[in-house]
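Reader: I am new to this structure and would like to understand the reasoning behind the words used for it. Could you take me through it step by step?

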Amino acid sequence: MKFTKWQGCGNDFVLLDCRAQEPADYCELAIKMCDRHYGIGADGIIAVLPSTLPDVPLRMRIFNTDGSEAEMCGNGIRCFARLAYEQGMVDSEEFKVETGAGVLVPHVVVENGQVQAVRVDMGEPILAGDDIPVTGFGSGRVISEPLTVAGQEFHMTCVSMGNPHCVIFVDDAEAFPIFELGPQFEHHGRFPRKTNTEFVEVKDRTHVRMRVWERGAAVTLACGTGACATTVAGVLNDKIDRKVEVQLDGGKLVVEWVANNHVFMTGPAEQVFAGEWQA
Ligand code: ZDR
């Protein structure tokens, strides 16, 4: 099976062209391929599939390192879009992609024949507690609500970008004990589908520093949907402007929550190597 390996801000993925043939078991394949010692090594695998919808050329599925399927992946969809564009799977720089978070629209930014970045219309954030899902808030928003983890009280703002996010503003992102507390957020009883958690330090109204504990993947160097959720959470708490630069462990993303309620994310996507899977 041929594959390509990609990264966006250091969040890395194996991309598989599954349009003609699908693996028998995505879950098992994700666990094996993502293993950094016995496999290829990645934060997830992404399948390129034909869409099930009219007028949508492609469908994306993403599986985490633990084999669980996520609805969406922000860094992954940029890699997916660049691959589809460069491999001629689509005939324009902007096209629709079917995802578990609905139909999203990436735009491959090309200047002088070179791909510079990928900008993605990530759709509208979901803010109703039951829909994120976070229990205990009904259809209300979850903005700076108390959450007790490991005996400490935090304030969470919850946002779904198709996948669930819990955003925690902290004074010092670098010093936050993310490895110790990250899993306790992920598996907290308030999150019926578990959660991705972002620990965010606001530098000023247009710059934030974000670290992430990802559902099903642990600490990663970046999280695209998390950067979008962070921006929405920052605006809802009046900590930042609607357009910000998000500094992640592995790079920078620019995120803008525009007036029509859509969130746009812009960032890099790079192919690192191509190979053949033999296991
Ligand atoms: C966070 C993520 N890497 C991205 O860039 O958006 C998405 C991966 C999926 C995530 N671990 C989840 O929702 O289970």
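Reader: What makes the approach of the side chain of arginine 82 to the backbone oxygen of alanine 269 a polar contact?

Author: In this predicted model, a polar atom of the arginine 82 side chain lies 2.8 Å from the backbone oxygen of alanine 269, and because a polar contact asks for a suitable pair of N or O atoms within 3.5 Å, the distance meets the cut-off. Arginine 82 itself is found in helix α2, residues 74-86, and, leaving aside residues up to four places away in sequence, the residues that arginine 82 touches include Trp6, Val108 and Glu270.

Reader: Why is arginine 82 called buried?

Author: The relative accessible area of arginine 82 is 14%, and since buried means under 20%, the residue falls in that class.

Reader: How many aromatic pairs are there, and why is the pair of phenylalanine 3 and phenylalanine 273 called edge-to-face?

Author: The count comes to 6 aromatic pairs. In the pair of phenylalanine 3 and phenylalanine 273, the ring centres are 6.0 Å apart, which is within the 6.5 Å needed for a pair, and the planes stand at 80 degrees, which is over 60, so the pair is edge-to-face. Because phenylalanine 3 lies in strand β1 (residues 2-8) and phenylalanine 273 in strand β18 (residues 270-276), the pair ties together parts that are 270 residues apart in sequence.

Reader: How do you know whether phenylalanine 3 and phenylalanine 273 are buried or exposed?

Author: Phenylalanine 3 has a relative accessibility of 8%, under the 20% limit, and therefore counts as buried, whereas phenylalanine 273, at 35%, lies between 20% and 50% and is therefore partly exposed.

Reader: What makes phenylalanine 154 and phenylalanine 185 an edge-to-face pair?

Author: Their centres are 5.3 Å apart and their planes are at 65 degrees, so the pair satisfies both the 6.5 Å limit and the requirement of over 60 degrees. Phenylalanine 154 is in strand β10 (residues 152-160) and phenylalanine 185 in helix α3 (residues 178-186), 31 residues apart. Phenylalanine 154, at 8% relative accessibility, counts as buried, and phenylalanine 185, at 0%, counts as buried too. Ring pairs link Phe154 and Phe185 into a cluster with Phe176 and Phe199.

Reader: How do you know that the charged end of arginine 242 sits over the ring of tryptophan 257?

Author: The charged end of arginine 242 is 4.4 Å from the centre of that ring, so the distance is within the 6 Å limit, which is applied together with a limit on the angle to the ring normal. Lysine 239 likewise lies over the face of phenylalanine 169, at 5.2 Å from the ring centre.

Note on methods:
Residues numbered from 1 in each chain as written. Predicted model: local features only at pLDDT ≥ 70, side-chain atom pairs only at ≥ 80, totals over all residues. Heavy atoms only, no water. Helix = DSSP H or I, 4+ residues; strand = E, 2+ residues; numbered from the N terminus. Buried < 20%, exposed > 50% of the residue type's maximum accessible area, 1.4 Å probe, protein only. Polar contact = N/O pair within 3.5 Å; in protein donor to acceptor, adjacent residues only side chain to side chain. Contact = heavy atoms within 4.5 Å. Phe/Tyr/Trp six-rings, centres within 6.5 Å; stacked < 30°, edge-to-face > 60°. Lys NZ or Arg CZ within 6 Å of the ring centre and 35° of its normal.
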